[in-house]
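User: I have the sequence and the model open side by side. Please take me through the contacts and the packing, one question at a time.

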Amino acid sequence: MNTAIERTPDGRRLLVSRPIDAPADIVWSILTDTDRWPEWGPSIAAVDCPDRFIHEGSHGHVETVGPGALLPSLSNSGLRVPFRVTSCADRRWTWRVAGVPATGHRVEPVGENCRTAFEIPLPAAAYAPVCRRALIEIERLAGDATG
């Protein structure tokens, strides 16, 4: 897993990336399928979006994982927050969550496999461990899809 600061179309971001032994099309499908976001997104409990596969302009709500997921004595209720996909092209998509620029997501072909990355706004750098965990889950799901 690699971590670096990189200039993106949205400015400087903390990039967390990982090579994945699966074709880029499979990983891209996992990243853009809103039904699958809770499977790989450690902070997402549910998604409500009229589009199963996102495109620029897709919008809806995500429900975050509640604090009870970490501390059983607390409530499992998370927050329900709106999102809008602000760009989705060339195997890269970005979004705003509750009106705030959030992570970018991208898949780059590398031979028959790919490298998958999250672009984290610098003020949200503490989110990097969540993105690292998401990359591990994405790799698992891609492996399941390729057999």
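**Salt bridges, strands and core**

User: Is Arg106 buried or exposed?

Analyst: The model is predicted, so the answer rests on computed values. Residues under 20% relative accessible area count as buried. Arg106 has a relative accessibility of 12%, so Arg106 counts as buried.

User: How many residues apart in sequence are the parts that Glu6 and Arg106 tie together?

Analyst: The side chains of Glu6 and Arg106 form a salt bridge, with N to O at 2.7 Å. Glu6 belongs to strand β1 (residues 2–8) and Arg106 to strand β7, so the parts they tie together are separated in sequence by 100 residues.

User: Which residues are linked with Glu6 and Arg106 in a network of salt bridges?

Analyst: The count of salt bridges comes to 13. Glu6 itself is partly exposed, with a relative accessible area of 26%. Linked with Glu6 and Arg106 in the network are Asp10, Arg92, Glu108 and Glu119.

User: Which residue forms a salt bridge with Arg52?

Analyst: Arg52 is partly exposed at 43% relative accessibility, while its partner is buried at 2%. The closest N and O atoms of the two are 2.8 Å apart, and the partner is Asp33.

User: Where do Arg52 and Asp33 lie?

Analyst: The two residues are joined by a salt bridge, which ties together parts 19 residues apart in sequence. Arg52 is in the loop between β3 (44–48) and β4 (59–64), and Asp33 is in the loop between α1 and α2.

User: Which salt-bridge partner does Glu137 have?

Analyst: Glu137 and its partner are both in helix α3, 3 residues apart, or about one helical turn. Glu137 is among the buried residues of α3, whereas the partner is partly exposed, with a relative accessible area of 40%. The closest N and O atoms are 2.9 Å apart, and the partner is Arg140.

User: What is the reach of α3 from its first C-alpha to its last?

Analyst: Helix α3 has 19 residues, and 1.5 Å a residue gives an expected 27 Å. The helix is followed by Gly147, whose phi is positive, near 80°. The computed reach is close to the expected figure, at 27 Å.

User: What covers the buried residues of α3?

Analyst: The buried residues of α3 are Ala128, Cys131, Ala134, Leu135, Glu137, Ile138, Leu141 and Ala142. Their cover includes β2, α1, α2, β7 and β8.

User: Which members of the largest nonpolar core touch the most other members?

Analyst: In soluble globular proteins, nonpolar side chains tend to be buried together. This core has 33 residues, and those that touch the most other members are Val27, Trp37, Trp40, Phe83, Trp93 and Trp95.

User: Which element gives the most to this core?

Analyst: The core holds 33 residues. At least two residues each come from β2 (11–20), α1 (24–32), α2 (37–40), β5 (80–89), β6 (92–97), β7 (100–110), β8 (113–121) and α3 (128–146). With 7 residues, the element that gives the most is α3.

User: Which residues does Val27 touch, not counting residues up to four places away in sequence?

Analyst: Val27 is one of the core members that touch the most other members. With residues up to four places away in sequence set aside, Val27 touches Ile20, Ala22, Val107, Cys114, Thr116, Ile138 and Ala142.

User: How many of the residues of β6 are buried?

Analyst: Strand β6 runs antiparallel to β5, joined by 6 bridges, and antiparallel to β7, joined by 5 bridges. Arg96 of β6 stands opposite Arg84, and Thr94 stands opposite Gly104 in β7. The strand is mostly covered, the buried count being 5 of 6.

User: Which residue takes a positive phi in the hairpin of β6 and β7?

Analyst: The hairpin of β5 and β6 has 2 residues between the strands, and there Asp90 takes a positive phi near 55°. The hairpin of β6 and β7 also has 2 residues between the strands, and the one with a positive phi near 55° is Ala98.

User: With which side chain does the side chain of Ser17 make a polar contact?

Analyst: Ser17 is in strand β2 and is buried, with a relative accessible area of 4%. Its contacts include Met1, Asn2 and Leu135. The polar contact is at 2.9 Å, and the partner is Arg115.

Terms used. Residues are numbered from 1 along each chain as its sequence is written. This is a predicted model: local features need pLDDT of at least 70, side-chain atom pairs count only at pLDDT 80 or more; totals for chains, interfaces and linings use all residues. Side-chain values use heavy atoms; hydrogens and water are left out. A nonpolar core is a set of buried Ala, Val, Leu, Ile, Met, Phe, Trp, Tyr and Cys residues joined through side-chain atoms within 4.5 Å. Buried means under 20% relative accessible area, exposed over 50%, partly exposed in between (1.4 Å probe, protein chains only). Helices (H or I, at least four residues) and strands (E, at least two) are DSSP runs, numbered from the N terminus. Contact means heavy atoms within 4.5 Å. Two strands pair if DSSP finds at least two bridges between them. The expected span of a helix is 1.5 Å times one less than its number of residues. A polar contact is a pair of N or O atoms within 3.5 Å; within protein, one must be able to donate a hydrogen and the other to accept it, and residues adjacent in sequence count only if both atoms are side-chain atoms. A salt bridge is a side-chain nitrogen of Lys or Arg within 4 Å of a carboxyl oxygen of Asp or Glu.
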